[in-house]
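Thanks for coming. I will go through one model today, starting with helix packing and then moving to the sheet and a salt bridge.

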Amino acid sequence: MQLDMLSGELVDLNVVEREDLPLITQWLNDLEFVGDFEPFDQTSLAATERQFENLKDKDWFVVSAKDGTKVGFGCTFRAQSAFGLGYMFVPEARGKGYGTETVMILVDYVFLHRDVPRVQAEIHPDNVASHRVLEKAGFEKEGILRARFFSRGVWRDTAMFSITRKEWGSPKVLPLGHVSGTSHSESPK
């Protein structure tokens with residue numbers, strides 16, 4: 001059984017299926033998609049397929065605009081006692097509210113689907129657009145994690161943002177009881 005579509009006013013999130021993997025691999029190998037603030041690691045379709053087959057406590061979503069155009073990628077993943085989230089969009093989809101709504105849907109999804117006290121996101125300290133996305137979705141900046149990852153020849157810091165279950169309170173986009181079914185990682189093989 002597949003997870004029901006997660007829908008907002010601007011975007012729909014659908015669980016990544018095998019047929020989505022070539023597009024995701026193409027995006028991850030595109031410097032414009034990855035942008036200036038993310039690691040740029042060349043990846044093969046076979047590597048993306050291996051990651052997909054081994055998802056555990058992770059969910060991958062294709063983000064589509066309401067006209068059906070695939071505009072980005074979102075994910076949730078276990079991060080110790082919390083859940084983390086990530087998102088990336090094609091350049092022409094940025095600045096249209098898709099990121100904020102995607103984050104709000106992912107937060108609703110995690111708090112409705114997982115018994116965790118917080119959702120967190122790490123982003124580059126200079127990524128002002130992503131800071132705004134997270135702040136609009138109710139996240140607060142906690143601080144800077146120094147020398148967090150190696151990318152493009154240097155060790156890079158990340159800014160940690162989070163929202164607690166108490167701060168979230170209740171769904172902002174998804175109606176209560178909206179999330180049903182199972183995720184890819186919980187599907188029988």
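In which hand does α4 pass α5, left or right? The crossing of α4 past α5 is right-handed; by definition the near helix is then turned clockwise from the far one by less than a right angle, and anticlockwise would be left-handed.

Some conventions before I continue. This is a predicted model, in which local features need pLDDT of at least 70, side-chain atom pairs count only at pLDDT 80 or more, and totals for chains, interfaces and linings use all residues. Residues are numbered from 1 along each chain as its sequence is written, and side-chain values use heavy atoms, with hydrogens and water left out. Helices (H or I, at least four residues) and strands (E, at least two) are DSSP runs, numbered from the N terminus.

Back to the pair. Helix α4 covers residues 98-113 and helix α5 residues 128-136; they pack at about 45 degrees with axes 9 Å apart. Axes are lines fitted to C-alpha atoms, for helices over the stretch in contact, and angles run from 0 to 180 degrees between N-to-C directions. That angle makes α4 oblique to α5, since angles under 35 degrees count as roughly parallel, over 145 as roughly antiparallel, 65 to 115 as roughly perpendicular and the rest as oblique. On α4 the contact (heavy atoms within 4.5 Å) uses Gly-99, Thr-100 and Val-103, and on α5 it uses Val-133, Leu-134 and Lys-136.

A second helix pair is α1 and α3, whose axes come within 9 Å and cross at roughly 115 degrees. This crossing is right-handed. From α1 come Leu-21, Pro-22, Ile-24 and Thr-25, and from α3 Leu-45, Thr-48, Glu-49 and Phe-52.

Now the sheet. Eight strands make an open sheet of mixed pairing, ordered β1-β2-β3-β4-β5-β6-β8-β7; strands pair if DSSP finds at least two bridges between them. At the edges are β1 (6-7) and β7 (140-151), each paired on one side only. β1 runs antiparallel to β2 (residues 11-15), joined by two bridges, and Ser-7 has Asp-12 in β2 as its bridge partner. Helix α1 (residues 21-28) lies across β3, β4 and β5, at about 90 degrees to β4.

Last, how many salt bridges does a search of the whole structure find? The search finds eight, each a side-chain nitrogen of Lys or Arg within 4 Å of a carboxyl oxygen of Asp or Glu. One of them joins Glu-53 to Arg-18, with the closest N and O atoms 1.8 Å apart. Glu-53 is in helix α3 and Arg-18 in the loop between β2 and α1, 35 residues apart.
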